[in-house]
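Trainee: I'm new to this one. Could you take a close look at the nonpolar parts with me and talk me through what is tucked away and what is out on the surface?

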Amino acid sequence: TAKGNPPVTFAVAASETQNVNVTVLPCFGLTEGSFITARKMWGKMMQDGQFDRENFNIGPSMPSSPGETLCAAVSASAWVEPHGKCTIAFALAWSSPKIKFSKGSSYHRRYTKFYGTSERAAVDLVHDALTNYKHWEEEIEKWQSPILEDIRLPEWYKFTLFNELYFLVAGGTSLVYWQKPIPTPWSVKVANLFKHLADSSSPSADVKSDQDPPIKVESKNIKVTEAEMNCRHSTGFEHTSTSGCNSSTGVGLKQNGSSTIPRKKRSSKHFSHHLKTEDQLDGNEDVGRFLYLEGVEYIMWCTYDVHFYASFALLELFPKIELNIQRDFAKAVLSEDGRKVKFLAEGNYGIRKVRGAVPHDLGTHDPWNEMNAYNIHDTSKWKDLNSKFVLQVYRDFAATGDMAFGIEVWPAVRTAMEYMEQFDRDDDGLIENDGFPDQTYDAWTVHGVSAYCGCLWLAALQAAAAMAQRLGDKFFAETCKTKFFSAKSAFEKKLWNGSYFNYDSGSSSNSKSIQADQLAGQWYTSSSGLGPIFDEFKTRSSLQKIFDFNVMKVKGGRMGAVNGMHPNGKVDESCMQSREVWTGVTYAVAANMLLAGMEEEAFTTAEGIFIAGWSEEGFGYWFQTPEGWTTNGHYRSLIYMRPLAIWSMQWVLSPPKAIIEAPKINMMDRIVISPATFSLSLPET
């Protein structure tokens with residue numbers, strides 16, 4: 001607890017059975033002045049092979065003094081016959097109930113909802129581990145077996161798929177307790193959605209009207225109990241702030257009634273009647289608020305342009321957590337933080353968070369309250385973040401069928417789309433890049449129309465139209481379809497060269513480079529059950545070009561897909577990122593190949609990451625898969641979020657029922673365009 005850090009309590013235990021005898025030494029020290037020293041502890045073990053049974057009754061030990069280290073030990077002994085067998089189960093658990101960020105905000109971890117916040121929680125956790133671990137192992141086997149026993153899948157793929165999940169533990173993961181307010185009645189949610197649609201169905205709609213007054217924290221060391229909350233947002237969380245920030249922006253914070261937490265709730269069958277009833281009121285389990293880092297070298301929470309790739313793992317395995325991440329970003333879209341920030345690459349100043357722009361991340365030192373820790377470029381001018389938000393929201397909406405989620409985030413989706421209109425300089429429906437690295441490849445300059453951002457925009461128009469149609473916003477559905485057809489025509493005219501889409505429409509030395517990630521938008525629409533953006537020939541031709549050049553011309557396909565490759569077969573050396581192989585992007589490209597029916601090419605492409613990163617002949621990056629490596633194996637950014645994109649391959653191989661049953665015709669065809677709206681542009685913000 002030095003320097004104001006939250007306390008952490010450890011507990012170690014062993015299971016006593018008919019054949020296993022357990023004894024304990026609750027307290028000993030490492031210094032000679034200790035009542036019982038480590039030397040005495042080992043002497044006792046050597047002499048007797050166990051501790052004294054009466055140690056169970058000596059009560060709690062004295063707390064350690066500053067600078068002193070206290071130790072505890074558990075011993076288990078058993079008789080084993082010659083050639084016999086005996087299992088002794090030990091468990092180690094720790095409880096650190098409070099998360100405290102460097103600018104003072106603190107939260108309780110989600111498990112405190114069931115175990116409470118006292119030191120005894122560690123004892124309950126270690127007890128539950130010993131009594132339930134066999135069941136947990138059975139459940140893990142049940143989950144993994146269908147994949148491990150699938151003879152269609154290569155062996156390397158099976159274990160790499162599961163092993164890449166290490167990042168959900170190693171990636172600084174934090175899940176905080178989120179106390180929910182009384183859920184908004186369904187009828188009120190629907191009424192407010194249609195009110196929003198009515199208010200914004202003309203080009204002159206004032207989009208800012210749907211944002212609640214922000215919180216203003218006027219003094220230090222106060223507890224925030226008022227909230228930015230409206231009837232669309234049916235979630236809140238308990239939060240203590242000591243940062244003293246008086247920013248004019250805030251995140252929805254709410255404290256409802258009593259903050260008493262049950263002291264001990266050990267499994268789902270022991271949940272209190274009150275908690276279960278509260279969760280059942282709106283059919284949703286309170287799964288808490290989730291953070292994970294971009295990587296251990298890039299310390300930003302929930303970096304969104306990277307989550308775009310990694311999110312398939314969360315959607316597949318923890319869908320309610322994934323939806324809550326999208327809710328956080330939906331709220332962020334509608335907020336603004338006017339504090340000045342200096343951007344390092346250009347040396348200019350701007351504001352921390354622009355309303356309508358999707359933030360790059362949820363922050364570092366005060367997540368949710370101080371977003372956009374990234375300050376190399378002004379990400380409010382990036383061309384991929386808003387499209388990625390719309391695509392992720394639609395995919396999650398389509399896959400889960402959660403209509404309440406769709407209604408809740410729709411105003412943010414529409415605002416995000418409207419915000420992007422400013423980047424269409426020539427009114428052809430297609431956004432243009434601005435001559436700097438204004439996307440996730442933040443060292444790779446883009447000029448004019450780009451394959452990456454342009455394709456994402458086309459996909460976002462398609463997804464927004466489909467979502468608008470399902471939610472009853474017919475005007476916006478028609479508007480997006482009009483834009484889509486115009487933008488697609490411009491995109492193909494400016495970038496298609498007969499075999500793939502050029503990197504961009506500029507005249508630089510790398511404008512005709514083959515970008516591995518050029519069809520990222522198509523990857524998402526196809527993964528979401530929507531129809532293809534491009535005809536089959538263009539899609540397969542582009543992917544085949546990527547396979548033949550970006551994959552096979554780099555060490556014979558044994559390293560993954562290099563980001564950029566010149567059409568003459570030489571790696572694009574125009575910047576650090578163009579010459580790198582990005583592990584997560586390679587998995588995404590492989591998933592795109594699976595969607596296009598190119599199974600052999602897909603697994604060969606992804607296997608390059610296994611060979612270089614996970615195999616014994618590779619570079620030794622197991623359980624620390626980096627963002628990328630060069631063709632000679634030099635890595636950048638170990639333990640990185642994006643490689644979770646391997647789960648996008650599994651998403652294609654075993655899609656959810658809602659995606660399988662999606663209409664095979666293009667969703668765009670289901671929207672009727674009336675002559676009166678054909679020439680309309682998006683409403684101005």
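**Nonpolar residues, inside and out**

Mentor: Let's start with Met403, which is partly exposed because its relative accessible area is 29%, and partly exposed covers the range from 20% to 50%. Keep in mind that this is a predicted model. Met403 sits in helix α11, which covers residues 403-419. Its C-alpha is 8.3 Å from that of Leu471, although 68 residues separate Met403 and Leu471 in sequence.

Now for the inside. In soluble globular proteins, nonpolar side chains tend to be buried together. Here, the largest nonpolar core holds 158 residues, and Tyr292, Phe389 and Met649 have the most contacts inside it. The top contributor to this core is helix α12 (residues 451-471), with 17 residues. Apart from this core there is another one, made of 13 residues, including Ala121, Ala122, Val126 and Leu130.

Tyr292 deserves a closer look. Setting aside neighbours within four places in sequence, Tyr292 touches residues from several stretches of the chain: Phe167, Leu168, Gly171 and Thr173, then Met300, Trp301, Cys302, His307, Ala310 and Leu314, and finally Met641 and Leu644.

And the outside? Val8, Phe10, Val12, Leu92 and Trp94 make a nonpolar surface patch of about 530 Å². Strands β1 (9-14) and β4 (90-95) each bring at least two residues to the patch. Trp94 belongs to β4, and Trp94 counts as exposed because its relative accessibility is 52%, with the cut-off set at over 50%.

How values were computed:
Residues numbered from 1 in each chain as written. Predicted model: local features only at pLDDT ≥ 70, side-chain atom pairs only at ≥ 80, totals over all residues. Heavy atoms only, no water. Core = buried A, V, L, I, M, F, W, Y, C linked by side-chain atoms within 4.5 Å. Buried < 20%, exposed > 50% of the residue type's maximum accessible area, 1.4 Å probe, protein only. Helix = DSSP H or I, 4+ residues; strand = E, 2+ residues; numbered from the N terminus. Contact = heavy atoms within 4.5 Å. Patch = residues over 30% accessible without salt bridge, like charges linked within 9 Å, V, L, I, M, F, W, Y side chains within 5 Å. Areas by Shrake-Rupley, 256 points an atom, 1.4 Å probe, with all protein chains shown as cover. Salt bridge = Lys/Arg side-chain N within 4 Å of Asp/Glu carboxyl O.
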